[in-house]
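Hi there,

Here is the model I promised to pass on. Have a look at it first, and my notes follow underneath.

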Amino acid sequence: MANRITIEVSRYNPARDDEPRMDSFDVPLYEEWVVLDALNYIKDHFDGSLTFRWSCRMGVCGSCGMMVNGVPKLTCATFLSDYASGPVRIEPMRHFPILRDLVVDTSDFLMKLARSKPWIIRKAEKPLDEEYVQTPAQLEEYRQFSMCINCVLCYAACPIYGLDSQFTGPAVIALAQRYNLDSRDEGARERLDILSAPEGIWGCRFVGECTQVCPKHVDPAGAIQQYKLTAAMEWLKAMVLPRGAKEQP
Amino acid sequence: MTNPTEYLPRSYHRRVSTFWWLARWSYLKFILREASSVFVGWTVVLTLVQIWAVTHRPSANETFHEWMRHPLMVGVNIIAFLFVLFHAVTWFSLTPKAMAIRVQGRRVPDWAISGPSYAGWVMVSLGIAWVVLRG
């Protein structure tokens, strides 16, 4: 007979509820179970209407982000045994509107992501028979930021985003920086206006929680501080250098 | 781009608690760091007033020192000193985050960037202490 643990789950049905409430469930506690296993157990054995997102179960898709005891976590990578005495409180990710139970609306993030142009921008494409050669050292420049899986745990951890939803936010800036640092990219100037806007990098007050909760060790806080330095240098160049030089990427 | 939210059913928007900054130590540390700017400003103003007092008539300097000896000022300045220290330490710990320097393909470790900052801080402080305390 396995030990058991109490899971408190936030529930919200937009058709019926005015605000979220908590439901408690007693589930088996197996050493190899993650929080997502407990949620699937609840769905299979207690309440089939419990709604949550998940897909890969291996920390790659970034779908199963939730608040576990108040901390943003990927539930597929968070072991129940770490909370052994229980209860474990599962809530939808903070700072996003709740659609139902543990599912949040991340449209704001997706729209900001699209605006930051997270793709390789070229002034002119090379002919198809030519390669874009990149050395391991050049890859290393941006590799850390390319690990982002868009799980938006960093947005749930960032109090600045919670207080001001205009703030571009950690993952979008980290992903823009990923392309800015890519030796094949020529779009840094196009992203500069978006990122150096007041609600962009300057909105960040360096709380640092985004880096703490990132399951892929992307370090969005580092990306933002580095880009602040870049933007300040660009501003200085724009003030000091003649117009022709300013237009250089 | 069309806002996809408008096609979704009713959603619940949560308000951030007024006391959100008490929820985690890292949040409280952040608020204390932000608040430390007030004490940095206070210290700058106090230093400017002190310089003005020293460079003007001796009575102004005497009055300033009298003022600074008041228990309330001593208390405020001890708190200000602690906050300025906190501000400086958090500033130096930020430096390696902002400066991703690579040497021979490897990122320079954090201590190699913050270390010289602390060393410079100590040197400047010792220099100022020498100027002030020598007589």
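To start with a small puzzle: which residue takes a positive phi just after helix 2 of chain A? That residue is K117(A), with a phi of about 55°. Helices and strands here are DSSP runs numbered from the N terminus (H or I of at least four residues for helices, E of at least two for strands).

Two notes on conventions before the rest. Residues are numbered from 1 along each chain as its sequence is written, and chains are lettered from A and ligands numbered from 1 in the order in which they are written. Please keep in mind that this is a predicted model, where local features need pLDDT of at least 70, side-chain atom pairs count only at pLDDT 80 or more, and totals for chains, interfaces and linings use all residues.

**Chain A overall**

Chain A has ten helices and seven strands. Its C-alpha trace spans about 75 × 40 × 30 Å along the principal axes. Of the 249 residues in chain A, 41% are buried. A residue is called buried if 20 or more other C-beta atoms lie within 10 Å of its own, exposed if 12 or fewer, and partly exposed in between, with C-beta atoms placed from the backbone. Among the contacts in chain A with a separation of 6 or more, 67% are between residues 24 or more positions apart; a contact means that the C-beta atoms, placed from the backbone, lie within 7 Å.

**Helices 2, 6 and 7 of chain A**

Helix 2 of chain A (residues 107–115) has F109(A), K112(A) and L113(A) as its buried residues. Viewed down the helix axis, these fall within an arc of 105°, so they line one face of helix 2. The arc is that of the directions from the helix axis to the C-beta atoms. The buried residues of helix 2 pack against helix 4 (153–157) and helix 6 of chain A.

In helix 7 of chain A (residues 188–195), the buried residues are R191(A), L192(A) and L195(A). Their arc is within 120° when seen down the axis, so they too line one face of their helix. Their packing partners are helix 6 (170–180) and helix 9 of chain A.

Helix 6 of chain A is also where I173(A) sits. I173(A) counts as buried because it has 31 C-beta neighbours inside 10 Å. Leaving aside residues up to four places away in sequence, I173(A) touches several others, including L195(A), P220(A), I224(A) and Y227(A).

**Loops worth a look in chain A**

G86(A) and P87(A) are joined by a cis peptide bond, with omega about -10°. P87(A) lies in the loop between strand 4 (71–74) and strand 5 (88–91).

Two loop residues other than glycine have a positive phi: N69(A), near 50°, and H217(A), near 55°. N69(A) is in the loop between strand 3 (65–68) and strand 4, and it counts as partly exposed because it has 16 C-beta neighbours inside 10 Å. H217(A) is in the loop between helix 8 (209–213) and helix 9, and it is exposed, with 8 other C-beta atoms within 10 Å.

**Inside chain B**

Helix 1 and helix 3 of chain B pack at an angle of about 120°, with their axes 8 Å apart. Axes are lines fitted to C-alpha atoms, for helices over the stretch in contact, and angles run from 0 to 180 degrees between N-to-C directions. The two helices are therefore oblique to each other. (Under 35 degrees counts as roughly parallel, over 145 as roughly antiparallel, 65 to 115 as roughly perpendicular and the rest as oblique.) Residues that meet there include F39(B) and W42(B) from helix 1, and F83(B) and F86(B) from helix 3.

**Where the chains meet**

In the interface, 23 residues of chain B are in contact with 29 residues of chain A. Helix 1 (25–55) and helix 3 (71–98) of chain B each supply at least two residues of the side that touches chain A, and helix 1 gives the most, with four.

The axes of helix 9 of chain A (residues 220–240) and helix 3 of chain B come within 8 Å and cross at roughly 85°, which means that these helices are roughly perpendicular. Among the residues that meet there are Q225(A) and L229(A) from helix 9, and L94(B) and K97(B) from helix 3.

Best wishes

Terms used. Contact = placed C-beta atoms within 7 Å.
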